[in-house]
Amino acid sequence: MDRQHSPLMVIASIVLAFNSGLAIYNSWGDAASVAFVLVADAMLLLLFLCLQEFESARGGPGTGRIKGDVWALTTLLTAMFASRVAPLMPPAVEATVWLMAVATIAGRFWAFFLN
């Protein structure tokens, strides 16, 4: 099956690759940071592919599974980024970062599955 990728997805993938290359270059020697960038990139690319699949399904069979995949990927990305940002903040702001992350995850769950 020949799949056409949207120009926006191609541009986003190129920008992501360039930005990730710079991030890896700047954090070379810190294995945890390099692994974070690589895992986040893989998850973003999977998210792009899931969203493209969701667009092509248009309410057909399997869209519920794709919604679940998109929600799981966005939840993991939110938790990953919150876990990197929150420790850098003062305690009150750290709690706010986590509260906003949980609210975002719950809001996406409500929008995807309950609404």
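## Helix H1 and its buried side

The buried residues in H1 are Met9, Leu16, Ser20 and Ile24. Together they span an arc of only 60° around the axis, so they sit on the same side of H1. This comes from a predicted model, so keep that in mind as you browse.

What do these buried residues pack against? The partner of the buried residues of H1 is helix H2 (31-57). The face turned away from the buried side looks quite unlike that: there you will find the exposed residues Pro7, Ile11, Ile14, Val15, Phe18, Tyr25 and Asn26.

Now for the length of the helix. H1 has 20 residues (7-26), and at 1.5 Å a residue they should span 28 Å; the end C-alpha atoms are 29 Å apart, which agrees.

Let us zoom in on one residue. Ser20 belongs to helix H1 and counts as buried because its relative accessibility is 6%, where the cut-off is under 20%. Leaving aside residues up to four places away in sequence, Ser20 touches Val37 and Asp41. With Asp41 there is also a polar contact between the side chains, at 2.5 Å.

Finally, the record. An unreviewed UniProt entry lists residues 7-25, 31-49, 70-89 and 95-114 under "transmembrane region". Two of these spans compare with the model as follows.

| Span | Distance between end C-alpha atoms | Helix | Strand |
|---|---|---|---|
| Residues 31-49 | 27 Å | 100% | 0% |
| Residues 70-89 | 29 Å | 80% | 0% |

Terms used: Residues are numbered from 1 along each chain as its sequence is written. This is a predicted model: local features need pLDDT of at least 70, side-chain atom pairs count only at pLDDT 80 or more; totals for chains, interfaces and linings use all residues. Side-chain values use heavy atoms; hydrogens and water are left out. UniProt positions are given in the numbering used here, feature names are shortened, and annotations may be inferred rather than shown by experiment. Helices (H or I, at least four residues) and strands (E, at least two) are DSSP runs, numbered from the N terminus. The expected span of a helix is 1.5 Å times one less than its number of residues. Buried means under 20% relative accessible area, exposed over 50%, partly exposed in between (1.4 Å probe, protein chains only). The arc is that of the directions from the helix axis to the C-beta atoms. Contact means heavy atoms within 4.5 Å. A polar contact is a pair of N or O atoms within 3.5 Å; within protein, one must be able to donate a hydrogen and the other to accept it, and residues adjacent in sequence count only if both atoms are side-chain atoms.
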